[in-house]
Amino acid sequence: QLEILGAVLAANDRPADAGRVLERCARSPRPTAGCLVALAVAYHKNRQPDDARDALALAEQVAGRSDREQ
């Protein structure tokens, strides 16, 4: 649910709010690649390129990614 809320916030040009929500999602015990990619998008929109790159690197390490997440 946090992943979806964060993605919607980012899509509606609220990247700072999206980042806060998605950071909670990313701190979960097993964050999904989708959560981390959405976080990267939020960081990118919020002009945080280093954080966006780090989130994408973490997404690449998630085992069992779906075809969509890949």
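Leaving aside its neighbours within four places in sequence, which residues is A18 in contact with? Keep that one in mind for Exercise 1.

A quick word on the ground rules: we're working with a predicted model, where local features need pLDDT of at least 70, side-chain atom pairs count only at pLDDT 80 or more, and totals for chains, interfaces and linings use all residues. Residues are numbered from 1 along each chain as its sequence is written, and side-chain values use heavy atoms, with hydrogens and water left out.

**Exercise 1. Place A18 and list its contacts.**

Task: find the element that holds A18, decide whether A18 is buried or exposed, and list its contacts beyond four places in sequence.

Step 1. A18 sits in helix α2. Helices here are DSSP runs (H or I, at least four residues; strands are E, at least two), numbered from the N terminus.

Step 2. The relative accessibility of A18 is 0%, so it counts as buried. The cut-offs are under 20% relative accessible area for buried, over 50% for exposed, and partly exposed in between (1.4 Å probe, protein chains only).

Step 3. Once the neighbours within four places are set aside, A18 touches G6, L9, A10 and A42. Contact means heavy atoms within 4.5 Å.

Step 4. For a C-alpha to C-alpha check, take L2: A18 is 16 residues from L2 in sequence and 9.3 Å from L2 in space.

**Exercise 2. Work out how α1 and α2 pack.**

Task: give the angle, the hand and the contact residues for α1 and α2.

Step 1. The two axes come within 8 Å and cross at roughly 165°. Axes are lines fitted to C-alpha atoms, for helices over the stretch in contact, and angles run from 0 to 180 degrees between N-to-C directions.

Step 2. That angle makes α1 roughly antiparallel to α2. For the wording, under 35 degrees is roughly parallel, over 145 roughly antiparallel, 65 to 115 roughly perpendicular, and the rest oblique.

Step 3. Looking at the hand, the crossing of α1 and α2 is left-handed. That's the term when the near helix is turned anticlockwise from the far one by less than a right angle; clockwise would be right-handed.

Step 4. On the α1 side we have L2, E3, L5, G6, A7, L9 and A10, and they meet P15, D17, A18, V21, L22, R24 and C25 of α2. Sorted by class, this contact has ten nonpolar, one polar and three charged residues. The classes: Ala, Val, Leu, Ile, Met, Phe, Trp, Tyr, Cys and Pro are nonpolar, Asp, Glu, Lys and Arg are charged, and the others, Gly among them, are polar.

**Exercise 3. Do likewise for α2 and α3, then find the disulfide.**

Task: describe the packing of α2 with α3, and say which cysteines form a disulfide.

Step 1. Helix α2 (residues 15–26) packs on helix α3 (residues 33–45) at about 150°, with axes 9 Å apart. The two are therefore roughly antiparallel, and their crossing is left-handed.

Step 2. From α2 come P15, A18, G19, L22, E23, C25 and A26, facing C35, L36, A38, L39, A42, Y43 and K45 from α3. Split these contact residues up and you get eleven nonpolar, one polar and two charged.

Step 3. The disulfide rule asks for a pair of cysteine sulfur atoms within 2.5 Å, and the count comes to one. The pair is C25 and C35, with sulfur atoms 2.5 Å apart. C25 lies in helix α2 and C35 in helix α3, so the pair ties together parts ten residues apart in sequence.

Step 4. C25, at 12% relative accessibility, counts as buried, and C35 is buried too, at 0%.

**Exercise 4. Track down positive phi in the loops.**

Task: what is the phi of D13, and what is the phi of R47?

Step 1. As background, most residues other than glycine have a negative phi.

Step 2. D13 has a positive phi, near 55°. D13 is in the loop between α1 (2–11) and α2, and its 63% relative accessibility makes it exposed.

Step 3. R47 also has a positive phi, near 60°. R47 is in the loop between α3 and α4 (49–60), and is exposed with a relative accessible area of 76%.

**Exercise 5. Finish with V37.**

Task: is V37 buried or partly exposed, and which residues does it contact beyond four places in sequence?

Step 1. V37 belongs to helix α3 and, at 32% relative accessibility, counts as partly exposed.

Step 2. With neighbours within four places left aside, V37 is in contact with L56 and A59.
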